[in-house]
Structure formats: C-alpha cells, structure tokens
Amino acid sequence: MLKEMGRTSQAVVIILCLLMTVKAFEMEIVPANRIVAQIGETLTLTCNTTGCASPSFSWRTQMDNPLGGTVNNHKTYSTLTMNPVTVVNSHDYLCTVFCGEKDKKEKSIKVEIYSFPSDPVIEISPSLVSGELATVICKIPNVYPSDHLEVLLMKGEHVLFEKTFHEEVSTNMETKTVPYSFNLKADDIGKEITCVAKLPIADMDFEPKERVTSKKLNADFGPRNTIITAFPGNSPMEGDPLKLTCVTESNPPAQIVWRKHLADESIQHLIENSTLFIPQVHFTDSGLYLCEVNNLITNKTEKAAVNVAVQGAPKFTELSIEPSTTVQEGENVSIQCSAEGNPPPKIILRRKSDSADTRPYSEGRILLPSVTFLSGGNYECVAKNKFGESESEITLNVEYGPRNTMISIIPATAVKEGETVTMECTSSGNPAPLISWKKKASSGESEKIFKEATLTIQNIKIQDLGLYECEAYNKFGKEEKAVKLLVQGKLEGTDQMIPLIIAFSSAAATAVPVVAILIYLSRKAKINGSYSLVKALRLKV
C-alpha cells in the first residue's frame with residue numbers, strides 16, 4: 001500500500017513539473033502602444049507570440065480602413081510593413097492572434113504620422129537695389145500636418161514677420177510659402193535673412209521639430225566668366241587620372257552640370273558637380289566635354305567646353321573572322337582587325353607564317369574569296385603608333401576532305417612466306433581523316449579487315465596475297481588507294497624460293513606478259529632443278 005502511494009506521489013510531482021515548464025499563451029506588439037513615423041520612411045510592426053506552437057494572425061485598423069502595408073506571417077510572429085509610410089497609415093492597428101479554436105488575444109498600437117523632411121528654402125528677389133522693394137519668400141517643403149506649422153522671418157536679430165497655419169485643415173503633405181516684402185536699406189546688404197520653421201505637435205516625439213535656413217542679402221548676378229581647367233591637361237595618357245573643374249562667378253552659386261558630346265552626335269549627361277574626376281582615362285573618354293552653369297535666381301545659363309584627347313599605345317578593339325574561325329574549303333572569308341589609340345595607329349594584318357609584310361591593310365581587313373586549305377593558319381594583327389605597338393593573333397581553320405592518300409610498304413610488295421610486312425596509309429584532310437583497310441576477296445567483293453593507319457601482317461602466308469585497299473575518310477568525303485601484295489613460296493622437293501605472283505600498282509594491261517614470264521620460269525626451273533630469276537632477267541636484257 002505504501003509503495004503504491006509513493007508511486008502516485010511521484011507521478012503527481014512529474015505532472016506538476018511539466019505544467020510549470022509549459023509557457024502560457026502570450027503576445028506582444030513591437031514597438032509597443034504607440035509609434036511616430038515620418039512620411040516616406042519604412043515602418044514595420046511585429047506581432048510576437050509565445051506558448052503557442054501554431055498561432056494564426058490577422059491585422060486590421062480599428063476603423064476597418066485599408067491597412068496601407070504588407071503582411072508577412074511567420075511561425076510565431078507576423079509583420080506589417082509600410083513602405084513607404086503615407087498619410088493613410090495614421091491609424092490604430094490591431095493584431096489578433098488565435099491559438100487553436102478557443103484561445104484568442106489582441107493588442108493594438110497607435111501609428112502617428114508627420115512630415116518635416118528638410119530645411120526651409122529662402123528666395124530673395126533678384127534685383128536688390130537700396131531704397132527699392134525687396135521680396136523675401138520662405139518655402140517649407142512637404143509638411144504634415146501643416147496646421148501645426150509656425151514660421152518666423154527675421155533680418156539679423158530683428159523679427160520681420162510671423163505666420164501660423166492653425167486655421168487650415170491638413171489632409172496631406174503640403175509645401176507652405178511665406179512671402180514678405182520690405183524696403184531695402186543700404187545697411188541691409190550683407191545681413192542675413194533667417195527663416196525659422198517649427199512643427200510643434202503635442203505628445204509626438206520626433207526630431208527635429210525646428211528647422212532653420214539663413215541667406216545673406218546680396219545682389220544676385222551671374223553666372224559669368226565660366227571656364228574649365230583640366231589637370232594634368234586635356235591630352236592625358238591612357239590610364240592616368242583626369243580632373244576637369246568648372247569655375248564660374250555666380251550669386252547665388254550656380255548649379256553645374258557636366259555633359260559629353262558622343263560620336264553619334266547625342267549628348268550624355270554625366271554629373272551635377274563642379275568637378276568631373278576620372279580615376280583612369282581610356283580612349284573612349286576622349287571627346288568634347290561641356291560644363292553648363294545655371295543660376296536659378298537670375299535664370300541665366302552659361303556654357304564652357306574643353307576637348308579631351310586621350311593618348312597612348314594601341315589597344316585592340318576587334319580581331320575577328322567572318323563567317324567563323326572554322327570554315328569549309330570554298331567559302332568566302334573576311335578577317336577584320338581594328339585598334340584604338342592616339343595618335344591613330346597603323347594597322348598591319350598578315351598571315352603569321354609569311355616571312356614579310358606583302359601588303360599592309362589600312363582598314364585592317366583581308367578578304368579571302370573561295371578559301372583553300374592552304375589559307376588556314378594563324379593570322380596576326382600589329383598596331384603601331386609613337387607610344388608603342390600591340391600584337392594579337394587569331395587562327396583560321398579550313399576544313400576539307402581527304403586528299404594525297406598514299407600507301408608505303410615495308411620491306412616491299414614482294415615478300416617471302418614467314419616474313420612480316422607493314423603497310424602504312426597516309427592522307428591529308430581537316431578534320432584528320434580516319435583510315436580503314438579492306439582486302440578484295442576471290443569473289444571480287446572487298447572485306448573490311450582493319451581500322452588503323454598501319455596494317456601489319458606477321459608470319460605471312462600464301463593466302464595473304466592479294467589486293468589491299470586503304471580508305472581515308474572524314475565528314476567531307478573519302479579517298480581510296482590500293483596495292484597488290486606478292487608472296488613467294490618454296491618449290492616442291494627443293495630448298496629454292498620462286499616467285500608465284502608479282503604485285504604491281506600499274507595498269508592491268510601489263511598483267512598478261514607477267515603471267516607468261518612466270519609460266520616460262522616455272523617450266524625452266526623444273527627442267528634444270530633450280531632457276532635464278534635475276535640471271536634470267538639479265539639474259540633477257
């Protein structure tokens with residue numbers, strides 16, 4: 001009984017421990033409760049859960065307006081991303097989490113929106129003459145909510161004008177303008193006009209809430225006397241740095257834009273800056289550069305130009321073969337070479353195997369009509385000017401069918417029984433021809449016997465005599481050559497060797513006299529017991 005009670009107690013303790021380790025279903029929103037975001041930025045709200053293996057999420061606004069963002073659900077959390085933040089995102093957002101069918105939790109966060117992205121812009125009437133009316137305009141761009149905006153215009157330490165927009169209804173970003181005119185005095189020249197813009201919104205924590213811009217009361221003029229300086233000069237060496245500076249006189253400072261005239265007569269926009277810097281110039285950087293300065297107040301524009309000529313040794317821009325580097329014999333071929341450099345390089349295009357320049361080509365081009373295999377090989381292009389020379393090469397591969405097929409026999413076409421004869425077949429072609437051997441049978445048909453260039457017959461026998469054919473072939477065709485093989489055997493009852501068949505590569509017309517000579521020699525040998533072919537031939541001569 002005591003044992004059973006002990007076991008029950010242990011089970012209860014284990015269950016209690018397990019219950020204590022299981023986390024309760026909870027949720028939170030990050031950031032919590034309230035967030036202030038500026039229009040145009042990115043804002044992400046995150047709804048996190050604990051204690052639930054497979055939660056489901058939903059987002060909505062408390063007034064069921066459009067979310068104005070993108071929802072991404074993950075395993076234990078969900079995000080609502082507003083990119084960019086707009087006026088429509090000014091809501092209370094509610095995240096609801098379900099864990100199973102019964103457990104449900106909700107939390108909300110208030111998103112407050114504002115826009116105060118940049119300092120005020122001050123515009124002063126272009127003609128400032130003592131004793132005449134001067135107009136100052138302060139512009140505050142993209143403000144929201146503008147009904148909280150306060151603007152203060154000052155001259156030096158003196159307040160000229162104050163304005164608020166509390167009575168206006170703000171529904172979107174606006175650019176607010178505050179103009180003010182006054183009689184310009186002689187001692188006003190050089191003083192600063194200051195525009196102070198404030199956006200005080202209670203209980204909204206953002207910075208800055210105040211933006212200030214100042215501008216001196218100066219006479220506006222220009223641009224004038226615009227020039228371009230080039231360092232180290234307007235003829236730099238390729239690879240050197242180049243610095244072009246546009247200098248002008250203008251008040252206020254003019255906007256400067258760099259442009260370049262291209263070869264096709266179009267104009268390329270480069271940069272909006274007084275200095276155009278190229279760390280390493282290339283030949284393609286040569287050309288006419290324009291500096292255009294514009295004073296937005298005086299509404300005047302002035303231009304200056306400089307011609308840049310990059311110098312250096314030649315560099316190849318093209319070395320090609322048309323229609324392809326691999327062609328068939330008989331096609332028309334064009335080899336083209338071009339290079340850039342300054343001064344313009346002299347270009348010589350030639351076949352590399354040629355010992356001398358038979359002809360320089362000013363356009364760097366060679367035309368090969370109806371090309372032959374003899375035209376194949378390496379072609380080189382040489383480009384020279386006073387700064388150096390460059391070389392490049394390209395290979396023309398001319399493909400053609402087998403030709404010049406030949407058979408060589410070692411030791412000879414007439415051999416003795418038991419000897420070894422080697423027949424080698426050679427042929428030229430591109431791709432390199434494959435070689436196969438055939439032997440003509442007594443039926444007159446040819447039988448394939450070997451697929452290599454060298455055919456070796458060891459311990460040759462009488463039955464090995466006959467006509468052997470070599471076939472050279474590739475994808476462009478084939479060519480055949482043949483040779484007759486003679487095998488000499490022994491006479492019956494003697495140790496002397498006599499010729500049985502003589503192999504010739506000559507015309508068939510000579511075959512009959514040869515057979516007659518063989519019959520004559522055979523009979524003579526039987527009468528005398530032996531016979532010398534060499535002596536007989538000498539007597540005939």
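These questions and answers cover a sheet and some aromatic contacts in a predicted model.

Local features here need pLDDT of at least 70, side-chain atom pairs count only at pLDDT 80 or more, and totals for chains, interfaces and linings use all residues. Residues are numbered from 1 along each chain as its sequence is written, and side-chain values use heavy atoms, with hydrogens and water left out.

Visitor: Which strands stand at the edges of the open sheet E23-E25-E27?

Guide: Strands (E, at least two residues) are DSSP runs, numbered from the N terminus. Two strands pair if DSSP finds at least two bridges between them. The sheet is antiparallel, in the order E23-E25-E27. Two strands have a single partner each, so one side of each lacks a neighbour in the sheet: E23 (312-322) and E27 (365-368).

Visitor: Which residue in E25 does Leu319 stand opposite?

Guide: E23 and E25 (residues 333-342) pair in the antiparallel sense over 8 bridges. Opposite Leu319 in E25 stands Cys337.

Visitor: How are the planes of Phe161 and Tyr180 arranged?

Guide: Rings of Phe, Tyr and Trp (its six-membered ring) pair if their centres lie within 6.5 Å; planes under 30 degrees apart count as stacked, over 60 as edge-to-face and the rest as tilted. Phe161 and Tyr180 lie 5.7 Å centre to centre, with 25 degrees between the planes. That makes the pair stacked.

Visitor: Is Phe182 buried or exposed?

Guide: Buried means under 20% relative accessible area, exposed over 50%, partly exposed in between (1.4 Å probe, protein chains only). Phe182 has a relative accessible area of 7%. Phe182 is therefore buried.

Methods. Helix = DSSP H or I, 4+ residues; strand = E, 2+ residues; numbered from the N terminus.
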